[in-house]
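Thanks for coming. I will talk about how helices and strands are arranged in one structure, so please have the picture in view.

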Amino acid sequence: MISALNHMARLARAGFVFAREGVFGVVDPSLVPPPGQLALRMARLIERPGAKSGARLSRALTRLGPAYLKLGQFLATRPDVVGVAMARDLESLQDRLPPFSLTEAEGVVAASLERPVAQLYASFSPPVAAASIAQVHRAEIDKDGVRKAYAVKVLRPNVAAQFRRDLGDFAYVAHKAEEHFSEARRLRLIEIITTMSRSVAMEMDLRLEAAALSEMAENTRNDSDFRVPEVDWDRTSHNVLTMEWIDGIALNDHKGLEESNVDLPDLGRKVIQSFLRHALRDGFFHADMHPGNLFLDPDGRLVAVDFGIMGRLGLKERRFLAEILLGFITRNYRRVAEVHFEAGYVPGHHSVENFAQAIRAIGEPIHNRTAEEISMAKLLTLLLEVTGLFDMRTRPELILLQKTMVVVEGVARSFDPKLDIWKVADPVVREWIERNLGPLGKIQGALAGAGELGKVAGSLPALATRALTVLEQLETMTRDGVRLDDATIAAIARARAKQLRWRTVGVWVIALSFLGLLLSIR
């Protein structure tokens, strides 16, 4: 009870901030039941002057603190939950907060790495960037007589407790929503908050970000046009991440790219194809590939930073993605529909033909038009409508992938407005399909299946022994009945007596309440 009151008090404060910043002003009253319309009108009365301009939700989330900032960024990847328009507004949400002091940062580093900062680094600068979870410092390290620049990411002090409290509030709202609204259950709000909580927990352990960097470095070691910074594991811990400083040109620095005579259309192709290779080939991709997280190094390679948000795809999801992309490229909408059914994403009682017709409504606007005429937002809206119409349950990993694809395409289009994502994606998708779904892939799949069958066959004797033991126990129970020892019988009796006592108390409370009601009427 006390916990629920705490949740409601903090959520009431959040509601007040939303009202002050004019967030409720963007809600269409016609879509809200009458009691809700009254609440909306009351909320509009306390809007601060000037709240109608600008990004209202972004301002409110920034005021409410780090966890709400992360919620906004996370919901920007879930247009199926907040709608396409809201998701696009949230994309501009800047995860920037005032930095904490250099003294505090040095204290965190020294405590975490168990050595003074002066022994760890030859130099350690004031913060150069600050976000909701951590901030970054530029440092130098002497190695073998050579001084090299590094980026040192330091976790904010006491940030974990604040996130834990606010995430508890979000989970409370999700549980209540799923209890009372079927749409909330379809959107799987509890799972969304659980996924966000897991993601934030991973972001707050900088060793895991270092591990993601290391894994992607292994995956891309033979790629000629993509790499990631090198991690200094000796200076990395739960609260501190030390990695190579990148001196390349940020992809949001268009002036710098033009002055360096970079082939911009080729750069757009690199962005698209690198992302698709990571998603399809490796099943592990950077899920926050906005221009500020991408650099072009002097060798012409893309370098990604900030590995706090990563996406994973199993072989099933990768096969699904490859066949979907190929289906759109070749306009084979029947196959696109069949893949949804084969993956179990669309319930079997629906018609494949009807679903293929709906997919055609998404795919046809792509073809026979120039690239700049294609509205990805409109296509995304249609896809989300189809998702709901055919009872397709939300797949968080696919939504994250889809959202990242939209961001990546936006980055690539900023360098080549006429870029056709389907033509650029075609060779990567076909290569993966030939390798994994062609004859060689089928042979490898058969060999893997044979290996699994071998494991099962090897465990058959142990399974048979356990099955025989269970059957003997069942036979004994059938013959002699279930026996309870004295302690078990006594425990059952105590539990029953306690249950009866509380039931009796409840009856008396109801009776007294009813009597009080009668007296008040008289």
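**Helices and sheets**

Helix H4 passes helix H11 in a right-handed crossing. Before I go on, note that this is a predicted model.

Two packed helices are described by the angle between their axes and the distance between the axes. For H4, residues 66-76, and H11, residues 189-203, the axes come within 11 Å and cross at roughly 120°. That angle makes H4 oblique to H11.

Which residues of H4 and H11 meet? On the H4 side they are Ala67, Lys70, Leu71 and Phe74. On the H11 side they are Ile192, Ile193, Thr195, Met196 and Glu203. Sorted by class, this contact has six nonpolar residues, one polar and two charged.

H4 also packs with helix H3, residues 56-64. Here the angle is about 145°, and the axes are 5 Å apart. From H3, Leu61, Thr62 and Leu64 meet Tyr68, Leu69 and Gly72 of H4. The class count for this contact is four nonpolar, two polar and no charged residues.

Now the sheets. Strands of a sheet pair through backbone hydrogen bonds, either parallel or antiparallel.

One open sheet has four strands in the order S1-S2-S3-S5, with antiparallel pairing. Which strands stand at its edges? They are S1, at 123-130, and S5, at 240-244; each has a single partner strand, so one side of each is left without a neighbour in the sheet. On average, neighbouring strands here are turned by 30° against each other, ignoring direction.

Look next at S3, residues 146-155, which is joined to S5 by five bridges, the two running antiparallel. As an example to find on screen, Val152 stands opposite Thr242 in S5. Across S3 and S5 lies helix H12, residues 206-219, running at about 25° to S5.

Another open sheet has four strands in the order S4-S9-S8-S6, and its pairing is mixed. Its edge strands are S4, at 226-227, and S6, at 249-250; each has a single partner strand, so one side of each lacks a neighbour in the sheet.

How many bridges pair S6 with S8, residues 294-296? There are two, in the antiparallel sense. Ile249 has Leu296 in S8 as its bridge partner.

A helix lies across this sheet too: H14, residues 264-282, lies across S4, S8 and S9, the last of these at 302-304. H14 runs at about 50° to S9.

That is the end of my part.

Terms used: Residues numbered from 1 in each chain as written. Predicted model: local features only at pLDDT ≥ 70, side-chain atom pairs only at ≥ 80, totals over all residues. Heavy atoms only, no water. Axes fitted to C-alpha atoms, helices over the stretch in contact; angles between N-to-C directions. Parallel < 35°, antiparallel > 145°, perpendicular 65-115°, else oblique. Left-handed = near helix turned anticlockwise from the far one by under 90°. Contact = heavy atoms within 4.5 Å. Nonpolar A, V, L, I, M, F, W, Y, C, P; charged D, E, K, R; others polar. Pairing = 2+ DSSP bridges.
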